[in-house]
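Q: Please take a close look at one part of this model and explain how it is packed. A connected account would be preferred to a list.

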Amino acid sequence: MPFILLIGIFLPRLVSALLYFFTGWFSGVFNTWYWPVLGFIFMPYTMLWYSVIQNWYAGSWDLWHIVVLVIAVVADLSSGAKSSRRS
């Protein structure tokens, strides 16, 4: 499992696709189909962290879970900002 976590830090969309196609990781996490699709496209770190909270912690949000969520959102938004500056 630590290997997949390391890959998830550098390639979150690849890990999301592998989890979707080869496991039941996302089943029951999202109520509709469009949230995981939007998360995959725009905010992959946030989507993965939200699914971790739902699967491993039964949806219980503690302070450090929220801190990591904020870090995930910042990482997602900053990666998009870097690509828009290159254009």
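A: Two residues are in contact when heavy atoms lie within 4.5 Å. Under that criterion, and leaving aside neighbours within four places in sequence, F30 touches W35, P36, M47 and Y50. The model is a predicted one, in which local features need pLDDT of at least 70 and side-chain atom pairs pLDDT 80 or more, whereas totals for chains, interfaces and linings use all residues. Residues are numbered from 1 along each chain as its sequence is written, and side-chain values use heavy atoms, without hydrogens or water.

The chain has 5 helices and 0 strands, these being DSSP runs numbered from the N terminus (helices H or I, at least four residues; strands E, at least two). Read from the N terminus, the order of elements is α-α-α-α-α. Of the 87 residues, 24% are buried, which denotes under 20% relative accessible area (exposed is over 50%, partly exposed in between; 1.4 Å probe, protein chains only). Among contacts with a separation of 6 or more, 48% join residues 24 or more positions apart.

The part examined here is the packing of α2 against α4. Helix α2 covers residues 12–22, and helix α4 covers residues 44–56. Their axes are 9 Å apart and form an angle of about 45 degrees, where an axis is a line fitted to C-alpha atoms over the stretch in contact and the angle, from 0 to 180 degrees, is taken between N-to-C directions. The two helices are therefore oblique to each other, since angles under 35 degrees count as roughly parallel, over 145 as roughly antiparallel, 65 to 115 as roughly perpendicular and the rest as oblique. At the interface, P12, R13, S16 and L19 of α2 meet P44, Y45, M47 and L48 of α4.

On the α2 side, S16 may be considered next. S16 has a relative accessible area of 2% and is therefore buried. Beyond its neighbours within four places in sequence, S16 has contacts with F26, F40, M47 and L48. From the other helix, M47 in turn reaches S16, together with F26, F30, P36, G39 and F40, when neighbours within four places in sequence are again left aside.

P44 belongs to α4 and counts as buried, because its relative accessibility is 4%. With neighbours within four places in sequence excluded, the contacts of P44 are P12, R13, G39 and D76. Its C-alpha atom is 9.4 Å from that of V15, although the two residues are 29 positions apart along the chain.

V15 also belongs to the largest nonpolar core, which has 11 residues: V15, L19, W25, F26, V29, F30, M47, L48, W49, V52 and I53. Such a core is a set of buried Ala, Val, Leu, Ile, Met, Phe, Trp, Tyr and Cys residues joined through side-chain atoms within 4.5 Å. Helices α2 and α4 each contribute at least two residues to this core, and α4 gives the most, with 5 residues.

F30, a member of this core, is located in the loop between α2 and α3 (34–42). F30 counts as buried because its relative accessibility is 18%. Between F30 and Q54, 24 residues apart in sequence, the C-alpha separation is 9.4 Å.

A58 lies in the loop between α4 and α5 (63–86). Its relative accessible area is 70%, so A58 is exposed. The phi angle of A58 is near 55 degrees, a positive value in a residue other than glycine.
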